[in-house]
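Here is a briefing for someone meeting this structure for the first time. Please look over the sequence and the model before reading on.

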Amino acid sequence: MSRRTWRISGVVAGVVAVLIFVWSWLYRYNDLDGAVAGLADDHFFYLVRGWQLLYGEWPDRDFVDPGAPLTFVVAALVQLVGGRGTWSEIVFCVTALSVATTLTFWSARRASGSTVIAVLAALFQAVLLARYYNYPKVLIYAAALPALWAYVDAPSMRKLAWLAGLSVTALLFRHDHGLFVGLAVVATILVQTHVGWLTRAKHLAAYVVVTVACAAPYLGW
């Protein structure tokens, strides 16, 4: 493929990605998640705890944290930035789900080499109609795949630090997300064949140390 053709292909993919994001956003925004002010009743399990943070309460100290503290923090920040009520939460969740759909398009396009297949993959994810409050279940893994791919292309400590940060972020959204992303990172480090075992051991140790350091404040709390 010539450089000119490669650039045109990249521009086309960028335009398609923008169109997918816009379509996904409008599609999910106009198909509200539930009858309670546009949200499903289960959504308030997370949203109300975010409101409690705004009144000075803390997870574990003042209310039960089932292992999803960052979900509550994000809910509180959305209320501060977007205004009190459910509309700001709806806009945020729709945007997060649409970003995930767009990331799925990019990953599928790179894996298949086909824009058509990538579009179908993104559409399939969108029409699954994940609940608004389940945006971490989609966004975390859609973001993890490109990060893992970037590390495989050119392993470096900087990219490992990004993966460690992503792992801790996943952990704080829900503990099992952190476990799954962490296992994926460890497996990716160990199965590389273009670097020696000593390098793999160093990268694994660095990943563990940075991850534990990032998670230490929460674990200590």
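The points below go from the overall fold to the surface, the charges and the enclosed spaces.

The model shown here is a predicted one, and the values that follow were computed from it. Its protein chain is built with nine helices and zero strands, and buried residues account for 40% of its 221 residues.

**Fold and extent**
- Following the protein chain along its sequence gives the pattern α-α-α-α-α-α-α-α-α, in keeping with a count of nine helices and zero strands.
- Along the principal axes, the C-alpha atoms of the protein chain fill a box of roughly 55 × 40 × 25 Å.
- When contacts in the protein chain between residues at least 6 apart in sequence are considered, 69% of them join residues that are at least 24 apart.

**Surface and charge**
- The protein chain exposes an area of about 11900 Å², and 71% of that area is supplied by carbon and sulfur atoms.
- The protein chain carries 16 positive and 11 negative charges, and the mean positions of these two sets lie 19 Å apart.

**Enclosed spaces**
- Rolling a probe the size of a water molecule over the atoms reveals where empty space is left.
- In the whole structure, a search finds three cavities of 30 Å³ or more, and the largest cavity has a volume of about 80 Å³.
- The residues that line the largest cavity are Y46, A68, T71, Y133, N134, P136, K137, F173, R174 and H177.

Conventions. Residues numbered from 1 in each chain as written. Predicted model: local features only at pLDDT ≥ 70, side-chain atom pairs only at ≥ 80, totals over all residues. Heavy atoms only, no water. Helix = DSSP H or I, 4+ residues; strand = E, 2+ residues; numbered from the N terminus. Buried < 20%, exposed > 50% of the residue type's maximum accessible area, 1.4 Å probe, protein only. Contact = heavy atoms within 4.5 Å. Areas by Shrake-Rupley, 256 points an atom, 1.4 Å probe, with all protein chains shown as cover. Lys, Arg positive; Asp, Glu negative; His and termini not counted. Charge placed at Lys NZ, Arg CZ, Asp CG, Glu CD. 1 Å grid on protein atoms, 1.4 Å probe; cavity = no way out; pocket = protein on both sides within 12 Å on 5 of 7 lines; lining within 4 Å. Points joined across faces, edges and corners; volume = space filled by probe spheres on them.
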